[in-house]
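Colleague: I am new to this structure and would be grateful for a close look at a single part, the surroundings of the ligand. Which residues and elements surround the ligand, and where does it lie?

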Amino acid sequence: MNQQPSQQVEKGSRYVVAVDGPAGAGKGAVCRAVAQRYGFSYLDTGSIYRAVALLSLNNPLSDQEALGCLAAQMPFEFRAVEGAGFRAFLGGEDVTVALREERVGLRASQVAAVPQVRQALLTFQRRYGGSQNIILDGRDTGSVVWPDADLKIFLTASLDERAKRRALELQQKGETVSFHKIRERIAQRDEQDSSRAHAPLAPAPDARRVDTTLLTLEQSIDRVADLVDEMVGNKPR
Ligand code: C5P
């Protein structure tokens, strides 16, 4: 990764779909399914912040410049692996599972507030996928990373519903979890992500809002797919 200004990476003629929203709204599952349905490339931008977090937990650095350098130089890859979906690699090691730990998510929210880290990761995000159509999800992909995206979506759900989904996900992995603890942690991340000075979580003014509180995963995917159909001209706007 290098730190050139994002403006030097042109969008070109490819489609870019930017999906933002709070933790647990279903962005990842929806984007993976939509990427598969339309043959788009996919980037979970949270995983790159999580990768910086994981590196910094293993090697604590208090200095913001040093954190920025760590982000700029980390050997990170996010790619589809035959039969195993999208996987994240750091220096060739598969860190997909390690990145999902709660402590890594909380730390990610902290390193994501560091301007040097955000700047270092900006060019990586704009370069990702080369000239392929792409869907990416995160917190500021429509407002900061791709203000010129063809379609911007703000995917959200109530705090209770997001905490319920996260609790179920952890239970299915066999982890014992307290719903209240999860709810508290998600609320804490919402607060950290929304109140930071640099690129806070907020819908881009021209984002289409999709609230998944009362939708199943399938319905959420269909809702987003409808918007992609509009974008590519399969449906009138
Ligand atoms: O989406 P996920 O929960 O994996 O993201 C982890 C953290 O990374 C978020 O809480 C947020 O602080 C940060 N993030 C960000 N900008 C993005 C994606 C994630 O600040 N585009």
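Modeller: In this predicted model, a polar side-chain atom of Thr 45 is placed 2.9 Å from a nitrogen atom of the ligand. Oxygen atoms of the ligand are also approached by side chains: for Arg 50, a polar side-chain atom lies 2.6 Å from an oxygen atom of the ligand, and for Arg 196, the distance from an N or O atom of the side chain to a ligand oxygen atom is 3.0 Å. Of the 460 Å² of accessible area that the ligand has on its own, the protein covers 97%.

The space that the ligand takes is the largest pocket. Helix 2 (45-58), helix 5 (102-111) and helix 9 (179-195) are the elements that each give two or more residues to the shell around the ligand. Helix 2 provides the largest share of that shell, with four residues.

Taken as a whole, the ligand is surrounded by 15 residues, of which the closest are Thr 45, Arg 50, Arg 118, Arg 189 and Asp 193. Sorted by class, the shell contains eight charged, four polar and three nonpolar residues.

As to where the ligand lies, residues of the shell come both from domain 1 (13-27 + 134-226) and from domain 2 (41-131), and the ligand therefore lies between these two domains.

Terms used. Residues are numbered from 1 along each chain as its sequence is written. This is a predicted model: local features need pLDDT of at least 70, side-chain atom pairs count only at pLDDT 80 or more; totals for chains, interfaces and linings use all residues. Side-chain values use heavy atoms; hydrogens and water are left out. A residue is near a molecule or strand if one of its heavy atoms lies within 4 Å of it. A polar contact is a pair of N or O atoms within 3.5 Å; within protein, one must be able to donate a hydrogen and the other to accept it, and residues adjacent in sequence count only if both atoms are side-chain atoms. Accessible areas come from the Shrake-Rupley method with a 1.4 Å probe; for residues, only the protein chains shown count as cover. On a 1 Å grid over the protein atoms alone, a cavity is a set of points where a 1.4 Å probe fits but cannot get out, and a pocket is an open set with protein on both sides within 12 Å along at least five of seven lines; lining residues have an atom within 4 Å of a point. A molecule sits in a cavity or pocket if more than half of its atoms lie within 2 Å of its grid points. Ala, Val, Leu, Ile, Met, Phe, Trp, Tyr, Cys and Pro count as nonpolar, Asp, Glu, Lys and Arg as charged, and the others, Gly among them, as polar. Domain bounds come from an automatic or database domain assignment.
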